[in-house]
Each structure stands twice: as structure tokens, then as C-alpha cells.
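Colleague: I would like to walk through this chain with you, one question at a time. Shall we begin?

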Amino acid sequence: QVQLVESGGGLVQAGGSLRLACAASGPSLYRYAMGWFRQAPGKEREFVAAISRSGTNTVYADSGKGRFTISRYNTKNTWYLQMNSLQPDDPAVYHCAATSPILPAPISTTDRSYDYWGQGTQVTVSS
């Protein structure tokens with residue numbers, strides 16, 4: 001069983017930066033591709049970024065390209081989302097998620113591919 005705990009959220013001014021962390025526990029975590037999703041009040045959950053099992057491949061939503069960087073350190077069982085140039089439409093609860101270990105694709109942008117979810121960390125941006 002995989003457990004995920006996010007941290008690093010908070011209040012930041014527009015243009016500022018935050019680094020979100022996802023601490024994972026469970027067996028063979030290197031077998032899981034990982035993603036970040038966010039959900040703002042009254043909106044559907046949306047994809048933010050994903051990284052493959054090895055960390056070689058990454059993919060980003062258009063909203064985060066050039067501003068967000070996803071990374072993982074399998075030896076530390078920790079994954080990160082570096083967010084720069086935060087904007088007024090970025091506030092949401094950010095969740096990290098891990099796919100099934102038998103997912104055929106190396107990476108996924110769809111939430112139905114993810115079996116394990118953290119509780120989320122709140123990101124707020126002041127203008």
C-alpha cells in the first residue's frame with residue numbers, strides 16, 4: 001500500500017515561488033509513475049504535471065509550462081513540484097498521486113490512471 005503526504009503549500013505573492021513536496025511510503029516506489037493535480041473551489045480536478053518511473057520523462061499542462069518543474073528522488077522516496085512565477089489563477093489544493101505499478105504507459109496525464117492520492121496541500125496566491 002502506497003501512502004502519500006504533501007507539504008510545502010502556503011500563501012505567496014503573485015510572481016513568487018513555492019516548492020511542493022510529496023513524501024511517499026510503501027514498497028518498490030520506483031515502480032510508480034507520479035503526478036501532481038490541483039483542484040480549485042467549484043472547479044474540476046485538473047492535471048498539472050507528471051513524471052515517469054525513472055524520472056526520464058516529464059509532461060506538463062499548458063498552464064504550467066515554463067513555470068513548473070516536476071522531479072523525483074527515488075532514493076529519498078520524495079517527489080517535488082517547483083512552482084515559479086505563481087499567478088492569481090494558480091491557487092488550489094494540490095495533490096500528488098501515484099499510478100498503478102502495472103500501468104503500461106510510462107507516464108499519464110489522466111487522473112483515472114492514478115491509484116494513490118495524497119490529502120493535498122493548499123496554495124494561495126495574493127495579488
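Colleague: Leaving aside neighbours within four places in sequence, which residues is E46 in contact with?

Modeller: Keep in mind that this is a predicted model. E46 sits in strand 5. Skip its neighbours within four places in sequence, and the contacts of E46 are F37 and R38.

Colleague: Is E46 buried, exposed or partly exposed?

Modeller: Buried means under 20% relative accessible area, and exposed means over 50%. E46 has 35% relative accessibility. That value lies in between, so E46 counts as partly exposed.

Colleague: How far apart are the C-alpha atoms of E46 and T110?

Modeller: Along the chain, 64 residues separate E46 and T110. In space, their C-alpha atoms are separated by 8.6 Å.

Colleague: I51 also lies in strand 5. Is I51 buried or exposed?

Modeller: The cut-off for buried is under 20% relative accessible area. I51 has 2%. Among the residues that I51 touches beyond four places in sequence are A33, M34, I70 and I107. With its 2%, I51 counts as buried.

Colleague: What is the C-alpha distance from I51 to D115?

Modeller: I51 and D115 are 64 residues apart in sequence. From C-alpha to C-alpha, the distance is 15 Å.

Colleague: How do strand 4 and strand 5 run, parallel or antiparallel?

Modeller: Strand 4 covers residues 34–39, and strand 5 covers residues 46–51. Five bridges join the two. In one position, W36 stands opposite A49. The two strands run antiparallel.

Colleague: Which residue in the turn between strand 4 and strand 5 has a positive phi?

Modeller: The two strands form a hairpin, with six residues between them. A phi of about 80 degrees occurs in that turn. The residue is G42.

Colleague: In strand 9, what is the bridge partner of R38?

Modeller: Strand 4 is also joined to strand 9, residues 92–99. Six bridges link them, and they run antiparallel. The bridge partner of R38 there is Y94.

Colleague: Why is strand 4 largely enclosed by the rest of the structure?

Modeller: Count its residues: strand 4 has six. Strand 4 is largely enclosed because the number of them that are buried is five.

Colleague: Which residues form the covered face of strand 1?

Modeller: In a regular strand the side chains alternate between the two faces of the sheet. Strand 1 spans residues 3–7, and its uncovered face holds Q3, V5 and S7. The covered face holds L4 and E6.

Colleague: Which residue of strand 3 does E6 stand opposite?

Modeller: Strand 1 and strand 3 pair in the antiparallel sense, over five bridges. Opposite E6 in strand 3 stands C22.

Colleague: What is the relative accessibility of V59?

Modeller: V59 lies in strand 6, residues 58–60. Beyond four places in sequence, its contacts include F47, V48 and I107. V59 counts as partly exposed, at 26%.

Colleague: How far apart are the C-alpha atoms of V59 and T75?

Modeller: These two are 16 residues apart along the chain. Their C-alpha atoms are separated by 22 Å.

Colleague: Where does S28 lie?

Modeller: S28 has a phi near 50 degrees, a positive value in a residue other than glycine. S28 is partly exposed, with a relative accessible area of 30%. S28 lies in the loop between strand 3 and strand 4.

Colleague: And where does S85 lie?

Modeller: Phi of S85 is near 50 degrees, positive although the residue is not glycine. S85 counts as partly exposed at 39% relative accessibility. Its place is the loop between strand 8 and strand 9.

Colleague: Now the whole chain. How many helices and strands does the chain have?

Modeller: From the N terminus on, each element in the run is β. The count is zero helices and eleven strands.

Colleague: What is the radius of gyration of the chain?

Modeller: The globule rule gives 14 Å for 127 residues. The value for the chain is close to that, so the chain is as compact as a globular protein of that length. Its radius of gyration is 14 Å.

Colleague: What share of the residues in the chain is buried?

Modeller: Buried means under 20% relative accessible area. The chain has 127 residues, and the buried share is 45%.

Terms used:
Residues numbered from 1 in each chain as written. Predicted model: local features only at pLDDT ≥ 70, side-chain atom pairs only at ≥ 80, totals over all residues. Heavy atoms only, no water. Helix = DSSP H or I, 4+ residues; strand = E, 2+ residues; numbered from the N terminus. Rg over C-alpha atoms; globule rule 2.2 N^0.38 Å. Buried < 20%, exposed > 50% of the residue type's maximum accessible area, 1.4 Å probe, protein only. Pairing = 2+ DSSP bridges. Contact = heavy atoms within 4.5 Å.
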